Structure formats: C-alpha cells, structure tokens
Amino acid sequence: MAIVEVKVPQLSESVSEATLLQWKKKVGDAVAVDEILIEVETDKVVLEVPAPSAGVIVELTQADGATVAAEQLIAKIDTAATAGASAPAAAAAPAAAPAQAAAPAPAPAASAAGGKGDIAMPAAAKLLADNNLKTSDVAGTGKDGRVTKGDVLGAVAAGTKPAAPAPLAAPAPKAALPAVAAPVMQMGDRPEQRVPMSRLRARVAERLLQSQSQNAILTTFNEVDMAPVMALRKKYQEKFEKEHGVKLGFMSFFVKAAVAALKRYPVINASVDGNDIVYHGYFDIGIAVGSPRGLVVPILRNADQMTFAEIEKKIAEFGQKAKDGKLSLDELTGGTFSISNGGTFGSMLSTPIINPPQSAILGVHATKDRAVVVDGQIVIRPMNYLAMSYDHRIIDGREAVLGLVAMKDALEDPSRLLFDI
C-alpha cells in the first residue's frame, strides 16, 4: 500500500479557515491525477482540490461542510490499489462536519464517472445535499442532461420529496456556519426556506458592518456630462476592437479618471493604520463585480501603468472568472481605491460603502438623457451621477469634493487622460 495524502490548499495570510463543499468521490472510487476531488470555499474564493496522484480513495477524513485549515489532511489515496478494493472499516466514512456532528454527511450528488443525466453541476450538487435530494429526483436541463442550480431550485419550489428521510441534525455551534439548509416549508401560498450564508456572503456582511462602525463615512456627489466620452468611444470603437480584440467600454475611462484624481489628491488613495495614515505610492484599483456567490472586488494592479486596452481586457477577464468562480486569492487581495458600477443594473444614485482598509470608493451610475442648463440654454445631455464615499477621519471635505471634481473634469474632457494632464 502506497498512501498519498490530500490536503487543503495553502490559503492567504488573511484567511484562516475554509469550508469543504461536497466530495465528488467516495471511499473506494478510483481517481486520476489532477482530477478534482472537492471544492473548498473561503470567504473570498472557491478553490479546487485536485488528486495529487492516481489511485483509489481509501479514506475521507473530513465530511461535506467541515471547517478546515490550510494544509489540513482531508483524504488519503492508495496509489497501488484498484477500484472496488475494500477500504479499512474505520476509513469507510469521514468524520462529521462540526455543524452536523450527529448526522452522517449526504452522499455526493453524482460520481464523476456517472452517465449523462446523472451529473450535477457544483452549485446544484450543494443544493441537492442541502435539501437531501439525489440527482435522480431532479430532471436535468443542462448540457448532456446535467442537473443545474435552476433545476434544483425548481424542484424544491415544486415540493419534490427526497428519496429517503433527511437525517436529524444536532444543533450547530453558534460560531459555525450550517452545512445543511432546512427544506422549503410549504405554508400554502407563503413558502419559506432557510438557507445558510456562504462564507463569502458572511464575510461581506462582516466587512460592511466593520466599515460602517469603524469609518466616519461621508458621501459627496457630482454629475458628469458623458457626451465627450461617448463621442470618443463611438469614433474609435470599431478600430479599438479590431486592434485589441476587446470592446472599448466605459470602465476604462472611469478607472483612468479616478487615477488622475488620486495622483492629484494622494490622501484619497491612502489608508488608516492605527494612528497612522499610510500613503500608497501605487494605484491598485478594486473593481466591484457581481458573481453567483456574491460581490467580489478583484484588483487592477498598477492601474496607472495600464493602457485602456489592458484595463478593458483585465476587467473582462475578472468578469468571466467571477462567473466561473475562478478568481484567485491574489486577485482579490489588496487595493487602494475601489469603483462600483451600479449603473450596469440601472441604478440612478447610491452611497457606496468603503471597502476596508481603503478610505474611499467611487460609485458610478446609469447614464441617462437629462435636461441640463448649458450657457443659459436648456439642452439634453447624457448625464451620469457620481458618488464618492470617503473616510472623513483622514479625508477632509475639500479633498473629497475636489477629487470628485477632478474625475468629472477628466471625463468631460477625456483627451486630458491621454496626455496625463
């Protein structure tokens, strides 16, 4: 017997623990090298744990939903065994997760070796386990008959019953995140469902409360005429896309305008550390991106050194990675200033919350044709309301207002961005 250990991947310095989602293999299953065994959720990203060697799983030391630390042992693979070989009795089942100490972990929704129509996507597999359902209980509408998250939610809403009664769970410790969600409670036309927060959602909630309780948040507003940016974009859109292979969006203009203002008013790019103000000599801009797991803020490193094309490519990459759950810890760590674009969802105005330890954030909104006064005449212009929230402990109203005006000026005369003036 040649045993290879499977361990939790290395986590970032700011992440102390993670949660195992759902095993894709069980004891006795054969695995190929680099085959994904389970996904590990931190408060920032979901990490895949591949098999370090080919062989047969002989032990799963942690169950679905278990809280684990970096480098913790979670499984063992026998590289000399063959599929179907008997595993030691003590290794037949993993230890129960802390939140389910008295209940066996739900079986994986589908084996990677299963046939078409008998495979659940990762998000769907977790929902199946949460509601004590099997893939056979739900009709799959995904590619090759795969069961999607929407299929499971539809089945739950329709009152699909599990093939077997759900095991009774012991009360979860107060500090632990529940590993299993309560089933839908059918109460006529007023159903309810209790679902535990993901680690990411819980962390976002914690940081937002921290931001509001520890920062003296104030928001200043201004409006910007987007006509010059729209004209420049329209003029060069086709050539830009042909040359760089990416569309020229609006976010690159907002990023460049923000960097121009941060250079002029460095305190907006600073952060508080105890009784010290840390002035950053670099410009790492966080871009708020929505994902199936919640809000994430990947970082554009050294945004001042990036071209419009590089910014647009990186933002497109972040958007796809967020959708696929592939953002790395490094891509989500740090940042000196953030931009949140609620305009993509139609927001007219908002007061964004600072992302600690940063001291300011820019909120961008939907551009709409509005009646404005220009040279004493009422005209129609495509207007966008900008909002910048800032920490009044270190940023005075003067710097905040002038900083936002600098962003406005840059957007209303975008040629200045090309000459860094």
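This briefing describes helix α5, its crossing with helix α6, and the surroundings of H280. The model is a predicted one. Helix α5 covers residues 251-264 and is largely enclosed by the rest of the structure, since 11 of its 14 residues are buried. H280 lies in a loop between two strands and likewise counts as buried.

**Helix α5: length and burial**

- The 14 residues of α5 should span 20 Å at 1.5 Å a residue, and the end C-alpha atoms are 20 Å apart, so the expected and computed spans agree.
- The buried set includes the consecutive residues M251, S252, F253, F254, V255, K256, A257, A258 and V259.
- A261 and L262 complete the list of buried residues in α5.

**Crossing of α5 and α6**

- The axis of α5 comes within 9 Å of that of α6 (residues 308-324), and the two cross at roughly 120°.
- This crossing of α5 and α6 is right-handed.
- On the α5 side, the contact is made by M251, S252, F253, V255 and K256, while α6 contributes F308, I311, E312 and I315.
- By class, the residues in the contact between α5 and α6 comprise six nonpolar, one polar and two charged.

**Surroundings of H280**

- H280 is placed in the loop that connects β11 (276-278) and β12 (285-287).
- The relative accessibility of H280 is 18%, which is under the 20% cut-off, so H280 counts as buried.
- The side chains of H280 and S271 are joined by a polar contact of 3.0 Å.
- Leaving aside residues up to four places away in sequence, H280 touches N269, A270, S271 and T336.

Definitions and conventions: Residues are numbered from 1 along each chain as its sequence is written. This is a predicted model: local features need pLDDT of at least 70, side-chain atom pairs count only at pLDDT 80 or more; totals for chains, interfaces and linings use all residues. Side-chain values use heavy atoms; hydrogens and water are left out. Helices (H or I, at least four residues) and strands (E, at least two) are DSSP runs, numbered from the N terminus. The expected span of a helix is 1.5 Å times one less than its number of residues. Buried means under 20% relative accessible area, exposed over 50%, partly exposed in between (1.4 Å probe, protein chains only). Axes are lines fitted to C-alpha atoms, for helices over the stretch in contact, and angles run from 0 to 180 degrees between N-to-C directions. A crossing is left-handed if the near helix is turned anticlockwise from the far one by less than a right angle, and right-handed if clockwise. Contact means heavy atoms within 4.5 Å. Ala, Val, Leu, Ile, Met, Phe, Trp, Tyr, Cys and Pro count as nonpolar, Asp, Glu, Lys and Arg as charged, and the others, Gly among them, as polar. A polar contact is a pair of N or O atoms within 3.5 Å; within protein, one must be able to donate a hydrogen and the other to accept it, and residues adjacent in sequence count only if both atoms are side-chain atoms.
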